Amino acid sequence: MTSDFENKNFFLPYGRHDIDEEDLKAVRNALLSGWLTTGPKVEEFEEKTAKISGAGFGAAVNSGTAALHAAMAALDIKPGDEVIVPPITFAATANAVVYQGGKPVFADVDPDTLLIDPLKIEEKINSRTRAVIAVDYAGRMCDYDALRKIAKKYDIYLVADACHSIGGAYKGSPSGSCADLTVFSFHPVKQITTGEGGMVVSNDKDLIHRIKLFRNHGISDDLHQRREKESWYYEIQMPGFNYRLTDFQCALGISQLKKLESRIHKRNCLAKQYDRFFERIDGIAPLKRQEFISHAYHLYVVKLDLERLKKNRLEIFSFLRNKGIGVNVHYIPVHYHPFYKKTFNTYKGLCPIAEYAYERILTLPLFPAMTEDDVKMVCHAIKRAVTP
Ligand SMILES: Cc1ncc(COP(=O)(O)O)c(C=O)c1O
């Protein structure tokens, strides 16, 4: 997509899905297969996703949010329990704890990566702490060696909110293999999509079994087992939800998975092109990346040195938006939201590093269909936006 930002109708979003003929064929075949939901494509998608993510098992659900909720339910998070989360994330990470009646406790982030800081986690652990949810913000995986050590030391669960990091790796271990439970999202802006959709992957068969119960009303026996037994009998083992993902969405997911590797490669190429540009620009720097991390680049985020640039972020943001560059800000710290202030007495000053970063971050367009010319155009516009 090569475009001219002087054209008034032009808009380059920060992220966009990609659907090809093979995807359309897969969905059509699934729609005509006789199974719209709870059919064979669900299991196939679970198996294939678990395989590429280095996990033994997967449970598909109808959003990343449902996957987080199901993960909290499988760990039996309940009123009185605390779960440590970072403030720089989409609110769904913390909301999932609240759905179970638990309390999200915010631990500040590392200033260079904006990932949860293991040292800050330890300060927040007490006898009520049951789990940590680490968020692989922007597609860069957290420091899982340090996180696993903490989880083991305090006998708490480690959950990876990997809604940004499918296809990435930490020291050679794929996203999906580093925590007790790992959660993916297949929302359209993500690396692969099912429209809406999500999955929990794990090596723990029992936890995945609980998630499968939870996504299907808490029913103990699935349709196939009942059919095999020729029985109408089922039991509600827990008050679950209908979080099922349809067969045609799973067929789309299977088709999209085939393109995951090439898409991650393209995202990395575009990110490198941005990196090279920012090496030459004073006052703007990308988030830190390290060689031992294979970045999944869901987002390309830069930090603005506003003091040096002598500009405020809104000016830069508005200039770029007016040029059709769909910059965004990920994220408003979760503890700033009125619900969290009202319910958990959170306040400005609770996580100073995240708060300082929030004032200065900007997400630039990054998706596989972008061209080198698109990146050049964004860079050109940024140069104009920050020139005094
Ligand atoms: C970090 C993070 N967690 C959870 C979610 C929720 O995923 P979904 O939109 O599929 O419900 C998102 C979605 O963008 C996310 O970015």
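Here a student and a tutor talk through a predicted model, asking how each label is earned.

Student: What should I know before we start?

Tutor: Residues are numbered from 1 along each chain as its sequence is written. The model is predicted, and local features need pLDDT of at least 70, side-chain atom pairs count only at pLDDT 80 or more, while totals for chains, interfaces and linings use all residues.

Student: Why is aspartate 155 called exposed?

Tutor: A residue is buried if 20 or more other C-beta atoms lie within 10 Å of its own, exposed if 12 or fewer, and partly exposed in between, with C-beta atoms placed from the backbone. Aspartate 155 has 8 C-beta neighbours inside 10 Å, so it counts as exposed. Aspartate 155 sits in the loop between α6 (144-154) and β5 (157-161). Its phi is positive, about 55 degrees, although aspartate 155 is not a glycine.

Student: What do labels such as α6 and β5 stand for?

Tutor: Helices (H or I, at least four residues) and strands (E, at least two) are DSSP runs, numbered from the N terminus.

Student: Is tyrosine 297 buried or exposed, and how do you know?

Tutor: Tyrosine 297 has 30 other C-beta atoms within 10 Å, so it is buried. Tyrosine 297 lies in the loop between β11 (293-294) and β12 (300-304), and has a positive phi of about 40 degrees although it is not a glycine.

Student: Why is glutamine 191 called buried?

Tutor: Glutamine 191 has 29 other C-beta atoms within 10 Å, and therefore it is buried. Its place is the loop between β8 (181-185) and β9 (198-202).

Student: What does glutamine 191 touch?

Tutor: Two residues are in contact if their C-beta atoms, placed from the backbone, lie within 7 Å. Not counting residues up to four places away in sequence, glutamine 191 touches Ile166, Gly167, Leu260, Arg263, Ile264, Ala296 and His298.

Student: What makes a group of residues a nonpolar core?

Tutor: A nonpolar core is a set of buried Ala, Val, Leu, Ile, Met, Phe, Trp, Tyr and Cys residues joined through C-beta atoms within 7 Å. The largest one here has 121 residues, and those with the most contacts inside it include Ala70, Ala71 and Val132. The largest share of this core, eight residues, comes from α3. Both domain 1 (21-257) and domain 2 (260-386) give this core at least three residues. In soluble globular proteins, nonpolar side chains tend to be buried together.

Student: Which residues does alanine 70 touch?

Tutor: Leaving out residues up to four places away in sequence, alanine 70 touches Val61, Val200, Ile211, Phe214, Arg215 and Tyr243.

Student: How do you know where the domains begin and end?

Tutor: Domain bounds come from an automatic or database domain assignment. That assignment divides the protein into domain 1 (21-257) and domain 2 (260-386). Their C-alpha centres lie 26 Å apart, and 32 residues of domain 1 are in contact with 29 residues of domain 2. The side of domain 1 that touches domain 2 divides into 17 nonpolar, nine polar and six charged residues.

Student: What decides whether a residue is nonpolar, polar or charged?

Tutor: Ala, Val, Leu, Ile, Met, Phe, Trp, Tyr, Cys and Pro count as nonpolar, Asp, Glu, Lys and Arg as charged, and the others, Gly among them, as polar. By that rule, the shell around the ligand divides into five nonpolar residues, nine polar and one charged.

Student: What makes a residue near the ligand?

Tutor: Its C-beta atom, placed from the backbone, must lie within 6 Å of the molecule. Of the 15 residues around the ligand, Ser63, Gly64, Thr65, Cys163 and Ser185 come nearest. At least two residues of the shell come from each of α3 (64-74) and α4 (92-99), and the largest share, three residues, is from α3.

Student: Which residues of α4 are buried?

Tutor: They are Ala92, Thr93, Ala94, Ala96 and Val97. The buried residues of α4 pack against α3, β2 (82-85), β3, β4 (129-135) and β5.

Student: How do you know that β6 and β7 pair?

Tutor: Two strands pair if DSSP finds at least two bridges between them. Two bridges join β6 to β7, which run antiparallel, and this satisfies the rule. The open sheet of three strands has the order β7-β6-β11, and its edge strands, β7 (173-174) and β11, each pair on one side only.
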